[in-house]
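Visitor: I'm new to reading protein models. Could you walk me through this one?

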Amino acid sequence: MANFTVCTENDVQYLDIRKAMGSGLRTLEEIKTATNVCGICEGCGEHLDWILSTVCRCLGISMAAVVEAVKNGADTVEKVGEMTKAGTAPDCGRCKILIENIVAIGK
């Protein structure tokens, strides 16, 4: 997935937000603090909710689905992939760091 500007006000990139999520940040307030997204510009309005609620962009797998898989016993990235298909898109797998973090902290 190509990088793109999400926050046009503060020039925050998609990958900056994903890296913050991969480190365990999940809420809008946590992401705002860590990345400096404004949360109100056109780019934030268009993209932030979707980014925060999605783990695997390639396959459209939600954060809720991955968290549910972990709650139901998926304790590795591979098991999450088996249960949700997250991280299994051909020629991708960029979301695996985020999945690893979700498995590690359970949220």
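Guide: Sure! One idea first: a helix axis here is a line fitted to C-alpha atoms over the stretch in contact, and angles run from 0 to 180 degrees between N-to-C directions. Keep in mind that this is a predicted model.

Visitor: At roughly what angle do the axes of helix 1 and helix 2 cross?

Guide: Helix 1 covers residues 14–22, and helix 2 covers residues 28–35. Their axes come within 10 Å, and helix 1 passes helix 2 in a right-handed crossing. The crossing angle is roughly 120°.

Visitor: Which residues in helix 2 meet helix 1?

Guide: From helix 1, the residues taking part are D16, I17, A20 and M21. By class, this contact has five nonpolar, one polar and one charged residues. On the helix 2 side, the residues are I31, A34 and T35.

Visitor: Let's stay with T35. Is T35 buried or exposed?

Guide: Buried means under 20% relative accessible area. T35 has a relative accessible area of 15%, so it falls under that cut-off. Leaving out residues up to four places away in sequence, T35 touches V12, D16, I17 and A20. The verdict for T35 is buried.

Visitor: Which residue has its backbone nitrogen reached by the side chain of T35?

Guide: There are two backbone partners to look at here. A polar atom of the T35 side chain lies 2.6 Å from the backbone oxygen of I31. For the backbone nitrogen, the distance is 3.4 Å, and the residue is V37.

Visitor: Now helix 3. Why are its buried residues on the same side?

Guide: Helix 3 runs over residues 42–53, and its buried residues are G43, C44, L48, I51 and L52. On the other side, E42, G45, E46 and D49 are exposed. The buried ones sit on the same side of helix 3 because they cover an arc of only 90° around the axis.

Visitor: Which strands do those buried residues of helix 3 pack against?

Guide: Their partners include helix 1, helix 2 and helix 4 (63–71). Strands are on the list too: strand 1 (5–7) and strand 3 (54–56).

Visitor: One last stop: which residue's side chain makes a polar contact with the side chain of Q13?

Guide: Q13 lies in strand 2, residues 12–13, and counts as buried at 18% relative accessibility. Setting aside neighbours within four places in sequence, Q13 is in contact with N3, F4, T5 and V6. The polar contact between side chains spans 3.2 Å, and the partner is D11.

Definitions and conventions:
Residues are numbered from 1 along each chain as its sequence is written. This is a predicted model: local features need pLDDT of at least 70, side-chain atom pairs count only at pLDDT 80 or more; totals for chains, interfaces and linings use all residues. Side-chain values use heavy atoms; hydrogens and water are left out. Helices (H or I, at least four residues) and strands (E, at least two) are DSSP runs, numbered from the N terminus. Buried means under 20% relative accessible area, exposed over 50%, partly exposed in between (1.4 Å probe, protein chains only). A polar contact is a pair of N or O atoms within 3.5 Å; within protein, one must be able to donate a hydrogen and the other to accept it, and residues adjacent in sequence count only if both atoms are side-chain atoms. Contact means heavy atoms within 4.5 Å. A crossing is left-handed if the near helix is turned anticlockwise from the far one by less than a right angle, and right-handed if clockwise. Ala, Val, Leu, Ile, Met, Phe, Trp, Tyr, Cys and Pro count as nonpolar, Asp, Glu, Lys and Arg as charged, and the others, Gly among them, as polar. The arc is that of the directions from the helix axis to the C-beta atoms.
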